[in-house]
Amino acid sequence: MFWNQKIETLTPAELSDLQLKRLKKTLESVQNVEFYQKQLKSAGIKPRDIRTLDDVSRLPFTRKQDLRDGYPFGFFAVPLREVVRIHTTSGTTGKPTVVGYTRNDLATWADLIARNMTMVGVTEDDVFQNMVNYGMFTGGLGFHYGAEAIGATVIPSATGNTRRQIEMINDFGVTVIHCTPSYAMHLAEVAEEMDSPLESLRIGLFGAEPWSDSMRTELEKRLGVTAYDSYGLSELFGPGVAFECQEREGLHIWHDCYLVEIIDPVTGEVCGDGERGELVVTPLAKEAMPLLRYRTGDITMLMEDGCICGRAKKIARITGRSDDMLVIRGINVFPSQIEHVLLQIAEVGSQFMVYVDRINHLDEMTIDVEINREYFSGELADLSRIQKKVVKELRDTLELRTTVRLVEPGTLPRFEGKAKRVIDRRNGL
Amino acid sequence: MDTYVIRQVSVFSENRPGRLAAIARALQDEKINILAFSIAEADGFGVVRALVDRPDRAFETLGSLGFNVAFTDVIAVKMRDEPGGLYEIARILGDAQINIEYSYAYSGKEGAVLILRVDDVQSAIQALLESGAGSMESSAFQ
Ligand SMILES: [Zn+2]
């Protein structure tokens, strides 16, 4: 199902024409932002220098810190009287980041959400409970207006009072929910406690934090939904930037609104399709707050294969943050990739520690992983087999030889909050 | 046949100082007697194998201390204390197409005893009994 079939299935030529036209327009509108005037001037770039889409690589990057420095309205390209809404993203330190929307921006955003929801089969016959924060966070109102646009019956339940949420799902016959995957897990637990089967549910839209495929399996089983991954960030409107289609093999990113680059976060060089790197986005349809080459910090890749649904190129599910990336013998490694590999090997636990050393001028990566108590047979040969299996699976994924140490169950550190699993001992060499 | 099957306690252990001592200490505290033991090491980790008088209590004690423990079925054979004693046992099992995965020996009240881990415990016991070499009953230890 399509919300806007024409725009969702443009031919590559039509799409790049549209992208170039919009990129040029974006370049004009950023001239209203002092930060970009200075940046472009010092880079010696004039709007007319951008003749092809490839020329985007000549433009300077925009980082999260730049937006913080512009607090509050430094990145607005239109007068405040044309800004009809403001959201903020909470910063862990200092001031939040402010994002603004014109009337057209809100319409564009709602349209993207409507595309996503229609793509996964939500219609005007659905009852949609939006269980995310409705305040300054973009997730609440973003989904709200998109769901109203397609004509679904919207319940703006926001967060909290899980028992009440469950009552509403049952009493109103809710068919579609949107929340964070961790809240969905909590919802499932409380529903089980209440002995409430949530029979009406059929679709779950989950986003705003990373979640694994095993979590998907569990949520689907416990909530009785088909679960879809939702990706977005406030700097790019909010949720709705990219979304899984019914194939659930990667997320369709809306190329008519977002010019996508995947770059090596260290060198800034562009990665090919199928190569993992940092997602860099130049929004093509933002009026109040246009951005050039925004560094999302999220790690993904452009997928090589097309999709049978007919929409354009997908990105892979987000596998980590660029800040966490390690460069080992010139190869980029993300702790999340290691975690992903370990999760698929039943014989070992999912806790791990990574040590990086430089030995004889070569980077060496050692991974400690716990043996799974249930899989210890008592035989050394079986342990060696498990160790070799982990080494092989890691090599297949990371394309890197690692040393794997099996350690006793329960001996690795457990982390609350942000995990510090990597100890890089190369510093100072 | 089961009367000949002896339960060896196998403990997963990282190769770091003090692990063997911790295991021995825990067993000693419970007054569990270690009749024989061996350590097998690989790359960074190992398995401590112990023949004890009270295997269930040893399993429980070590498990409660967080050790990863498993039982392994082994058999015990009295060795003739003369040249060729070991060869004879190896030959009997070899003729029966049984692989010895590992073995260790100790000298007890009954003389020299060989502990064997084989790939087919039941056939090994049968071969040893039929050959006359004999297989020691587990009650001799546990
Ligand atoms: Zn698709």
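Tutor: Buried area is the accessible area that two parts lose on being put together, summed over both. Keep in mind that this is a predicted model.

Student: Okay, how much area do chain B and chain A bury between them?
Tutor: Start with who takes part: the contact draws 25 residues from chain B and 16 residues from chain A. Of the area buried between the two chains, 53% is on carbon and sulfur atoms. The total for chain B and chain A is about 1600 Å².

Student: Which residues of chain B lose the most area to chain A?
Tutor: Three residues stand out on that side, and together they make up 39% of what it buries. They are B:Phe12, B:Phe45 and B:Asn68.

Student: How many salt bridges cross the interface of chain B and chain A?
Tutor: For scale, a search of the whole structure finds 40 salt bridges over all chains. Across the interface of chain B and chain A, the rule finds 2.

Student: Which residue of chain A does B:Arg117 meet in a salt bridge?
Tutor: Here the side chains meet with an N to O distance of 2.9 Å. A salt bridge needs that distance to be within 4 Å, so this pair counts. The partner of B:Arg117 is A:Glu379.

Student: Now inside chain B: how much area do domain 1 and domain 2 of chain B bury between them?
Tutor: Chain B is divided into domain 1 (6-73) and domain 2 (74-141), and their contact takes 13 residues from domain 1 and 12 residues from domain 2. Their C-alpha centres are 22 Å apart, and the count of salt bridges between them is 0. Carbon and sulfur atoms carry 64% of the buried area, which totals about 1100 Å².

Student: And what do domain 1 and domain 2 of chain A bury between them?
Tutor: In chain A the split is domain 1 (1-321) and domain 2 (326-424), with 8 residues from domain 1 and 5 residues from domain 2 in the contact. The C-alpha centres lie 33 Å apart, and the rule finds 0 salt bridges across this interface. With 60% of it on carbon and sulfur atoms, the buried area is about 540 Å².

Student: At what angle do the axes of helix 7 and helix 8 of chain A cross?
Tutor: Helix 7 covers residues 162-172 and helix 8 covers residues 181-193, and their axes come within 10 Å. The crossing makes helix 7 of chain A roughly perpendicular to helix 8 of chain A. By class, their contact has 6 nonpolar, 3 polar and 2 charged residues. The angle is roughly 80°.

Student: Which residue forms a salt bridge with A:Glu193?
Tutor: A:Glu193 is in helix 8 of chain A and its partner is in helix 7, so the pair ties together parts that are 30 residues apart in sequence. The closest N and O atoms are 3.9 Å apart. The partner is A:Arg163.

Student: Any backbone oddities? Which residue does a cis peptide bond join to A:Tyr71?
Tutor: Most peptide bonds are trans. This one is cis, with omega about -5°. The residue joined to A:Tyr71 sits in the loop between helix 4 (64-69) and strand 1 (83-89) of chain A. That residue is A:Pro72.

Student: What is the phi of A:Phe237?
Tutor: Most residues other than glycine have a negative phi. A:Phe237 lies in the loop between strand 7 (226-233) and strand 8 (238-244) of chain A. Although A:Phe237 is not a glycine, its phi is positive, at about 85°.

Key: Residues numbered from 1 in each chain as written. Chains lettered and ligands numbered in written order. Predicted model: local features only at pLDDT ≥ 70, side-chain atom pairs only at ≥ 80, totals over all residues. Heavy atoms only, no water. Axes fitted to C-alpha atoms, helices over the stretch in contact; angles between N-to-C directions. Helix = DSSP H or I, 4+ residues; strand = E, 2+ residues; numbered from the N terminus. Parallel < 35°, antiparallel > 145°, perpendicular 65-115°, else oblique. Nonpolar A, V, L, I, M, F, W, Y, C, P; charged D, E, K, R; others polar. Domains from an automatic or database assignment. Contact = heavy atoms within 4.5 Å. Buried area = accessible area lost by both parts, 1.4 Å probe.
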